Amino acid sequence: LLELAWAGGIVLEYGFTILVLNRMGWRLLIALTALPGFLVLFFLPFIPESPRFLLECDELEKAYQVLKRGSRQNCRDLPAGELVHATPSETPNLNQKGNLI
């Protein structure tokens with residue numbers, strides 16, 4: 001799915017180039033194609049941190065609120081239980097041979 005988004009973006013950029021470059025010049029083309037990146041900067045403060053990052057920072061309540069909001073947006077109930085922060089000894093070591101999955 002991610003590869004499809006990249007391919008679709010490339011096709012859109014190519015079409016956009018055909019429409020803009022010959023009529024308005026390369027400077028406007030560069031400015032217009034940079035616009036989505038600036039929009040991301042505008043919306044960045046509204047995107048919540050991931051629950052995993054919040055757990056790493058010992059922000060258990062914030063992590064729970066992010067999960068709760070996500071479950072509400074997906075019309076699902078949050079599973080019963082409590083959030084726990086896994087210590088490094090409880091997580092698998094992916095650098096060991098044999099853990100290539």
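Helix 2 has 18 residues, which at 1.5 Å a residue should span 26 Å, and the 27 Å between its end C-alpha atoms agrees with this; the expected span is 1.5 Å times one less than the number of residues, and helices are DSSP runs (H or I, at least four residues) numbered from the N terminus. This is a predicted model, in which local features need pLDDT of at least 70 and side-chain atom pairs count only at pLDDT 80 or more, while totals for chains, interfaces and linings use all residues. Residues are numbered from 1 along each chain as its sequence is written, and side-chain values use heavy atoms, with hydrogens and water left out.

**Helices 1 and 2**

Helix 2 has a kink of about 35° at Leu35, shortly before the proline Pro36, where the bend at a residue is the angle between axes fitted to the seven residues ending there and the seven starting there. Helix 1 (residues 2-24) has 23 residues and an expected span of 33 Å at 1.5 Å a residue, and its end C-alpha atoms, 31 Å apart, agree with that. A kink of about 30° in helix 1 is centred on Thr17. Of the 23 residues of helix 1 one is buried, so this helix lies largely in the open; buried means under 20% relative accessible area, exposed over 50%, and partly exposed in between (1.4 Å probe, protein chains only).

**A nonpolar patch**

Leu35, at the kink of helix 2, also belongs to a nonpolar surface patch of about 560 Å², made together with Leu39, Phe42, Phe43 and Phe46. Such a patch takes residues with over 30% relative accessible area and no salt bridge, nonpolar side chains (Val, Leu, Ile, Met, Phe, Trp, Tyr) being joined within 5 Å. Phe46 is found in the loop between helix 2 (26-43) and helix 3 (51-56), and it counts as exposed because its relative accessibility is 61%.

**Positive phi and cysteines**

Most residues other than glycine have a negative phi. The table gives the positive values found here.

| Residue | Phi | Place |
|---|---|---|
| Gly25 | about 100° | just after helix 1 |
| Asp58 | near 60° | loop between helix 3 and helix 4 (60-73) |
| Cys75 | near 55° | segment after helix 4 |

Asp58 is exposed because its relative accessible area is 62%, and Cys75 is likewise exposed, with a value of 67%. Cys57, at 38% relative accessibility, counts as partly exposed. A search of the whole structure finds zero disulfides, a disulfide being a pair of cysteine sulfur atoms within 2.5 Å.

Definitions and conventions
Patches are made of residues with over 30% relative accessible area and no salt bridge: like charges are joined within 9 Å, nonpolar side chains (Val, Leu, Ile, Met, Phe, Trp, Tyr) within 5 Å. Accessible areas come from the Shrake-Rupley method with a 1.4 Å probe; for residues, only the protein chains shown count as cover. A salt bridge is a side-chain nitrogen of Lys or Arg within 4 Å of a carboxyl oxygen of Asp or Glu. Helices (H or I, at least four residues) and strands (E, at least two) are DSSP runs, numbered from the N terminus.
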